[in-house]
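Subject: Handover of a structure and the findings on it

Dear colleague,

Please find below the structure that I am handing over to you. A summary of the findings follows it.

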Amino acid sequence: METSDVVTSEAVEFLTDLQREFGPRRVELLARRQERAGRLRAGELPDFLPDTGEVRAGDWGIAPFPDEIADRRVEITGPCDRKMVINALNSGARVFMADFEDANSPTWQNCIQGQRNLTDALERTIELVTPEKEYRLADEVAVLFVRPRGWHLAERHFRVDGEPIAGGLFDFGLYFLRNHGRNGRYFYLPKLESHVEARLWNDVFRWAQDRLGVPRGTIKATVLIETILAAFEMDEILFELRDHSAGLNAGRWDYIFSVIKKLGHRPEFVLPDRADVTMAVPFMRAYCELLVKTCHRRGAHAMGGMAAFIPSRRDPEVNALALARVREDKEREAGQGFDGTWVAHPDLVAVAQEAFDAVLGDRPNQIERQRDDVSTTTAQLLDVGATPGEVTDDGVRNNVSVGIQYLAAWLQGSGAVAIFNLMEDAATAEIARSQIWQWLHHGRVEPGDVRRMIADETERLGPGYEDARSLFEQVATSDELVEFLTLPAYERLN
């Protein structure tokens, strides 16, 4: 594939220097993750850090953010393919988060073409002409944010000193280099487990701005709080990024997966069927309310999460159910104090906006609502055992089916997939396979029953699912839980 228009000689030099400067620290931080995981398996539990109490108690705030991102009441997310980019920017949402991470299967073509699409979007030259329809930008479009890959992922098609570059450095560096003069300065940061990892991103931002002659603080980034460990370091994460912060987001699906991954070896952290783990259960409600309180105390946006329900233009009953569920979810978030929320489909922008319009009115956000009534404790954040529900055969079978179908699509280059009227991405697939692992580990399901369901589902789906089946078995039934399903999956990606 021709890439010289994107991976130019200037880009090669910039990315090489970026990796040499920060790649070793990334490796050290990934090793620290493994050490922490080992301590958790040995009996340690997460808690607020004793060494950073002054940060939590301090009277400080983040730097001011630009007016154009003051109102973020609805954000739409999705991969960086051309049709999605145009439709999302035209959707009526205030922000489009273009995703190189969980909604993206990181084929080299997807990563390179995604960079082209985003530059074309910022230049307003993007278009797509098909036999059925022509797609072009409207006069008013959403503000573009970009989510690079997490620290754990690499980009094997670009090597520095014989080693793959960090995927996050590749995505961020290439996009910022190409677009820093076109308002390409807004980002989402995924999968952070500590404020030290946020400090690394802050140093990357400083370096990139200095290298390109861009004033420090120009970059603004929203951090997804989507790991149970990061939930105990929200203040510290905002503090590290305070000059570059655009707030925090409640990344609900990865958060559930993180609870299983970090603590799922303990019986008191066994979760019921995925459908029962709603945002209203105690540990999820505590996490969201702490996020809102923390952000607003520091003058930062608190962004709500993704409702997985998607509308149907063919089935009125399915459509009505999806809209009702999304409306309920967004009304709850707006009532909790969130300043905005995520949707995955243009048809959901209006219902989400209605929920936030009812609370915000003409205000751009509700950061002034301090939530002094919230006093979240360690016990509340870890109260996973209070989640009502059961482990059922239907729940096991659904996880098996979703996991196999999603992995099949991912291996074919699609990272966001509609399955059973829900939008599935890598985060929701992680829940599906990690729940199977957890239930097997604690004897809540029998290995023979899981194997039979895997075989039955593969047969029902028909030809073309064998690779996905073997990968699902690898990440769901191994003795030790594989850290991320995308790591072994990337080895199989064409």
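Helix 10 supplies the largest share of the lining of the second largest pocket, namely four residues. Please note that the model is a predicted one. This pocket holds about 640 Å³ of space. Its lining consists of 21 residues, of which Trp 253, Ala 275, Thr 278, Phe 309 and Arg 325 are the closest to the centre of the pocket. At least two lining residues come from each of helix 8 (252–263), helix 10 (316–336) and helix 13 (393–411). Sorted by class, nine of the residues lining the pocket are nonpolar, three are polar and nine are charged.

Helix 10 also contains Gln 336. This residue is buried, since its relative accessible area of 7% falls under the 20% limit. The side chain of Gln 336 forms a polar contact with the side chain of Arg 332, at 2.7 Å. Leaving aside residues up to four places away in sequence, Gln 336 touches Arg 285, Cys 288, Glu 289, Val 292, Arg 369 and Arg 371.

One of these neighbours, Cys 288, leads to the question of disulfides. How many disulfides does the count give? The count comes to zero. A disulfide is a covalent bond between the sulfur atoms of two cysteines. Here the cut-off is a sulfur pair within 2.5 Å. For Cys 295, the closest cysteine sulfur is that of Cys 288, and the distance of 11 Å is too far for a bond. Cys 295 is buried, with a relative accessible area of 0%. For Cys 80, the closest cysteine sulfur belongs to Cys 111; at 8.6 Å, this too is too far for a bond. Cys 80 is likewise buried, its relative accessible area being 5%.

I turn now to the enclosed spaces. The count comes to three cavities of 30 Å³ or more. The largest cavity contains about 60 Å³ of space. Its lining is made up of Phe 100, Glu 101, Asp 102, Asn 104, Pro 106, Arg 149, Leu 153, Trp 410, Ala 426 and Thr 486. In terms of class, five of these residues are nonpolar, two are polar and three are charged.

The second largest cavity has a volume of about 40 Å³. Among the residues that line this cavity are His 152, Lys 191, Asp 254, Ala 427, Glu 430 and Phe 484. Glu 101, Asp 102, Leu 153, Ala 426 and Thr 486 also belong to the lining of the second largest cavity, and these five residues appear in the lining of the largest cavity as well. Helix 14 (residues 426–441) provides the largest share of the lining of the second largest cavity, with three residues. By class, this lining has four nonpolar, two polar and five charged residues.

Finally, I draw your attention to Ser 105, which lies in the loop between strand 2 (95–99) and helix 4 (108–123). Is Ser 105 buried or exposed? Ser 105 is buried, with a relative accessible area of 1%. The side chain of Ser 105 reaches the backbone oxygen of Trp 410 at 2.7 Å. Trp 410 also helps to line the largest cavity. Not counting residues up to four places away in sequence, the residues that Ser 105 touches are Asn 110, Trp 410, Gly 413, Ser 414, Gly 415 and Leu 493.

Yours sincerely

Key
Residues numbered from 1 in each chain as written. Predicted model: local features only at pLDDT ≥ 70, side-chain atom pairs only at ≥ 80, totals over all residues. Heavy atoms only, no water. Buried < 20%, exposed > 50% of the residue type's maximum accessible area, 1.4 Å probe, protein only. Polar contact = N/O pair within 3.5 Å; in protein donor to acceptor, adjacent residues only side chain to side chain. Contact = heavy atoms within 4.5 Å. 1 Å grid on protein atoms, 1.4 Å probe; cavity = no way out; pocket = protein on both sides within 12 Å on 5 of 7 lines; lining within 4 Å. Points joined across faces, edges and corners; volume = space filled by probe spheres on them. Nonpolar A, V, L, I, M, F, W, Y, C, P; charged D, E, K, R; others polar.
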